[in-house]
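Visitor: Could you take me through one part of this predicted model up close? I'd like a helix, what packs around it, and then whatever that leads to.

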Amino acid sequence: MIYLGDKNIKDITLNWEQNIRAIASATQCIKAKDIAQPIKPYLRYGNRKNRIIAMPAFVGGKINRSGIKWIASFPENTKKGIARAHSVIILNDVETGQPVSVINSGSISAIRTASVSGLMIKKFMELKRHERVKVGIIGFGPIGQYHLDMCSELLGDALEEVMLFDLKSISIDTISAALQEKVTIVNSWEEAYGNADIFITCTVSKEPYINLKPKESSLHLNVSLRDYKTDVFPWFSGGIIVDDWNEVCRENTDIEMFHKVHRLTKNEVKPIQDVLHGYLDTLDKGQPIMFNPMGMAVFDMAIAGHYLNLAKETNTGVLLDT
């Protein structure tokens, strides 16, 4: 059994194209129904802001991985000088059930999240709505930072400007020198939102606040799931995408609020697998698109399996006795 810690993951070269291909392969398995993924339970006790989530899954195809992610989110950890989220992934042999790897790394979760966003951006850019794009990112913790890195590599010369906003101050020194000339640190979410062709929420907001009309032909990656007021629904209603309706229409997400206030139903949204099969091409050119990812365990297994393969190739990690 191989143990991989956060340093081990970060020692492996970050290749977003490879990571996005792993997500695309897992998405094809969803389409083929070659997965098993029960609804994830939330464990809460004491402070109700805290939660620990169990995310078991099997994903077939060439990935052929099974396992579970156990992820804790304790928002007040930041006041103690420690990370808000902590996660462990256990991968099992699909034939015998034997544990083959333990991955103790928040980076894997962040990489998975940004890779799913990357798949959406890749398909969005294939529409050729924009030769060059402006990206707005609100929230610049680890998830926001990985999204910036992903956008830089994936968009390349098509990336015109990145507008960053966080309630905490952002130092330009935390941005790579190669990107600094394209990055503008703005003073409000409105500045990051108003002119963004691609807008990404990476906050820990518990209350929605975004109430403005989105830019025409824009892509919105609602990663943090609780930032948009129900006022925006009419603008997005023709182009709402989810990773899994049953997962995302709960836990006070924006999708659940759209469902409660505007009677949004499963039949009125599209699942992520439809994006791989031409759904975006059917939309009016000016239609803003909103993707709402609750986070799917099959994607975690795909990325964890990919990194386990890379670890074996590069002799990274610690071999444990079983």
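Guide: Let's start with a yardstick: the expected span of a helix is 1.5 Å times one less than its number of residues. Now take helix 2, residues 16-31, in this predicted model. With 16 residues, helix 2 reaches 22 Å from its first C-alpha to its last, close to the 22 Å expected.

Look at the two ends next. At the N-terminal end, N15 acts as the cap, with a side-chain oxygen 3.2 Å from the backbone nitrogen of E17. Just after helix 2 comes K33, which takes a positive phi of about 60 degrees.

Between those ends, a good part of the helix is tucked away. The buried residues are W16, N19, I20, A22, I23, A24, A26, T27, C29 and I30. So what covers them? The cover includes two strands, strand 2 (35-36) and strand 4 (51-59), along with helix 3 (106-125), helix 4 (142-155), helix 10 (272-275) and helix 11.

That brings us to the nonpolar cores. The largest one has 77 residues, and I121, V135 and I198 touch the most other members. Helix 11 (residues 297-314) supplies the largest share of this core, eleven residues. If you pick out I121 and skip residues up to four places away in sequence, its contacts are M150, C151, L154, L155, I198, L219 and L221. There's also a second, separate core of 26 residues, with M163, V186, A196 and V248 among them.

While we're on packing, have a look at the rings. A pair of aromatic rings is described by the distance of the centres and the angle of the planes. The model has six aromatic pairs. One of them is W189 with Y193, edge-to-face at 5.5 Å centre to centre and 75 degrees between the planes. Both sit in helix 6 (residues 189-193), four residues apart, or about one turn of the helix. W189 is buried at a relative accessible area of 11%, and Y193 is buried too, at 1%.

Another edge-to-face pair is Y228 with F236, with 5.7 Å between centres and 90 degrees between planes. Why do these two count as buried? The cut-off for buried is under 20% relative accessible area; Y228 has 1%, so it falls under that, and F236 has 0%, so it does as well.

Back to W189 and Y193 for a last look: together with F199 and Y209 they form one aromatic cluster.

Technical notes: Residues numbered from 1 in each chain as written. Predicted model: local features only at pLDDT ≥ 70, side-chain atom pairs only at ≥ 80, totals over all residues. Heavy atoms only, no water. Core = buried A, V, L, I, M, F, W, Y, C linked by side-chain atoms within 4.5 Å. Buried < 20%, exposed > 50% of the residue type's maximum accessible area, 1.4 Å probe, protein only. Contact = heavy atoms within 4.5 Å. Polar contact = N/O pair within 3.5 Å; in protein donor to acceptor, adjacent residues only side chain to side chain. Phe/Tyr/Trp six-rings, centres within 6.5 Å; stacked < 30°, edge-to-face > 60°.
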